[in-house]
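Here's a quick tour for anyone meeting this protein fresh. Have a look at the structure, then read on.

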Amino acid sequence: MRGISLVRAGCIVGRIFAPSCRPMRLGRRVSTRRSTYCLSSGTSLRMTDIHYNFARLAVDKAKLCPVDPSSKNPLPRVAVVIADGDRLVGWYAKGHGGEVAQGPNVITIPLVKNAHAEQALLEALAQQDLSTTTAYVTLEPCTKRKGKTACCADLLVAAGIKEIHVGNIDPNPDVGALAWKTFFAEGIKVRDFPPDLRNEAARDNQAFLGKFRATPSIEDGASFDYTTNGGARVLGSAGREFKTWWTECNDRSIYAVDHQHNVSIAKNCTTFNQVDDPGRWFEDQHYSKKVNEGEIVIFRNEYGYALVKVSHVRKATQATNAELNFRFQIRYF
Ligand SMILES: [Zn+2]
C-alpha cells in the first residue's frame with residue numbers, strides 16, 4: 001500500500017516522488033535518473049488500487065478547472081488522466097492546462113483555449129502509442145460537438161485507448177450515457193469511478209450538472225432529457241421555484257404534469273404576450289395536459305405562474321436521448 005500513500009501525498013497535491021521518495025515539483029521540466037511518473041515506485045500495487053489512485057488524481061486535477069459563479073451557463077469542470085498500468089502518462093484539466101511525461105521529463109501542456117480536456121491531452125500525446133493505456137475522466141466524454149472538432153468519445157477511440165474509467169454521466173441530452181454506447185461498440189472496457197469519487201466529482205461540478213435540473217431565472221430557455229431525474233425540471237428563483245414534471249407522449253408532444261397545483265394550456269396562444277391573465281386558463285385545468293410543439297402550458301404555485309412554451313420534443317431513439325426544449329416566462333404575483 002506504499003504506492004497509495006505516495007500518490008496521495010505526492011501527485012494529488014501537485015508533486016511526485018522519485019524512486020528515492022524525494023518529492024519533486026511538477027509544473028516545470030524535471031530531470032530524473034529514472035521515470036518518476038510511477039505510482040508504485042518499485043513496489044507492486046493491486047490493479048484496483050492503481051485505478052482508484054488515478055481516478056482520485058483526476059478528481060483532484062478537476063478542482064483546478066476555473067469556476068465562474070456569475071455565469072448563467074456554467075461550463076463543465078473536467079479532468080482526464082491517462083496511465084499505462086501504474087505509470088502516469090499525462091493529465092489535463094479543462095480551462096487550466098496539464099502535464100505529460102516524456103521520458104524522464106515532465107512537460108507542461110499550456111492551457112488550450114476552448115479545448116475539452118480529453119482533446120487537449122490527446123493532442124499532446126499524438127505521437128505516443130496509447131494502445132495499452134487507461135483513461136480516467138471525471139465527466140463522461142462528449143459524443144457530439146458543434147463545428148469540425150471531433151467529439152471526445154471518438155477521439156479516445158481513435159487514440160486506441162484500451163480502457164476508460166468514467167466519473168459522472170453528462171446530463172446534457174446530446175451526451176447522457178451515449179459515450180458508453182460508443183465505447184462498448186468499439187470493444188473498449190468501461191468502468192465507473194468508485195461512488196465516493198463520483199460524488200466528489202459531482203460536488204465539484206455542481207454548477208454544470210445542476211443546470212440540467214433547474215434554471216433559476218425569470219425568463220429563459222432550457223433543454224433536458226425528460227426521461228432522467230423523474231422528468232422533473234425546476235424553474236424560477238430558489239424559494240419560489242416551480243417544480244414541473246414531464247412524461248412521454250408522442251414525438252412532437254409531451255405531457256406536462258403537476259399533481260399538486262394542476263396545469264392548463266393557453267389555448268391558441270403562441271407568444272407569452274398573448275397570455276394576458278394566466279389565471280383565466282385555469283378554468284380548464286387538470287393534473288396532466290398534453291402539450292404540442294409550439295403550445296404554451298401554464299404551471300401555477302402559491303407565488304405565481306410559469307408559462308412554458310414547448311419548442312421541441314424528441315423521443316429517445318437508438319442513437320439519441322429523449323429531449324424537451326422549451327422557453328419559459330415566470331410571472332410572480
Ligand atoms: Zn469533449
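**The big picture**

Take contacts with a separation of 6 or more: in this protein, 61% of them are between residues 24 or more positions apart. Keep in mind that this is a predicted model. As for the parts list, the protein has seven helices and 19 strands, and 43% of its 333 residues are buried.

**The seven-stranded sheet**

- Seven strands line up as an open sheet, in the order β6-β5-β4-β3-β7-β8-β9, with mixed pairing.
- At the edges sit β6 (105-109) and β9 (189-192), each of which pairs on one side only.
- On average, neighbouring strands here are turned by 20° against each other, ignoring direction.
- Helix α6 (residues 195-204) packs on this sheet and touches β7 (134-139), β8 and β9. The direction of α6 makes about 55° with that of β8.
- Over at the β6 edge, β5 (residues 97-102) pairs with β6 in the antiparallel sense, over five bridges. One residue to look for is Q102, whose bridge partner in β6 is N105.

**The nonpolar cores**

- In general, nonpolar side chains of soluble globular proteins tend to be buried together.
- The largest nonpolar core here has 54 residues, and the ones touching the most other members are A58, A79, V80, V81 and L121.
- Helix α2 (residues 47-62) is the top contributor to that core, giving eight residues.
- What does V81 touch, if you skip residues up to four places away in sequence? The list runs F54, L57, A58, K61, L88, W91 and Y136.
- There's also a second, separate core of 28 residues, and L235, V297, V313 and I330 are among them.

**Strand β14 and its partners**

- A hairpin of four linking residues takes you from β13 to β14.
- Strand β13 (residues 242-248) pairs with β14 in the antiparallel sense over four bridges, and W245 has V257 in β14 as its bridge partner.
- β14 also pairs with β16, again in the antiparallel sense, this time over five bridges. In that pairing, Y255 stands opposite K290 in β16.
- Which side chains of β14 (residues 253-257) are buried? I254 and A256 are, and they point to one face. S253, Y255 and V257 point to the other face and are not buried.
- That fits a general pattern: side chains in a regular strand alternate between the two faces of the sheet.

**Two residues with positive phi**

- Most residues other than glycine have a negative phi, so the next two are worth a look.
- A177 isn't glycine, yet its phi is positive, near 80°. You'll find A177 in the loop between β8 (163-168) and α5 (178-185).
- Is A177 partly exposed or buried? A177 counts as partly exposed, because it has 15 C-beta neighbours inside 10 Å.
- N268 also has a positive phi, near 65°, without being glycine. N268 sits in the loop between β15 (263-265) and β16 (288-292).
- With 8 other C-beta atoms within 10 Å, N268 is exposed. The cut-off for exposed is 12 or fewer, which is why N268 lands in that class.

Key
Residues are numbered from 1 along each chain as its sequence is written. This is a predicted model: local features need pLDDT of at least 70, side-chain atom pairs count only at pLDDT 80 or more; totals for chains, interfaces and linings use all residues. A residue is buried if 20 or more other C-beta atoms lie within 10 Å of its own, exposed if 12 or fewer, and partly exposed in between; C-beta atoms are placed from the backbone. Two residues are in contact if their C-beta atoms, placed from the backbone, lie within 7 Å. Two strands pair if DSSP finds at least two bridges between them. Axes are lines fitted to C-alpha atoms, for helices over the stretch in contact, and angles run from 0 to 180 degrees between N-to-C directions. A nonpolar core is a set of buried Ala, Val, Leu, Ile, Met, Phe, Trp, Tyr and Cys residues joined through C-beta atoms within 7 Å.
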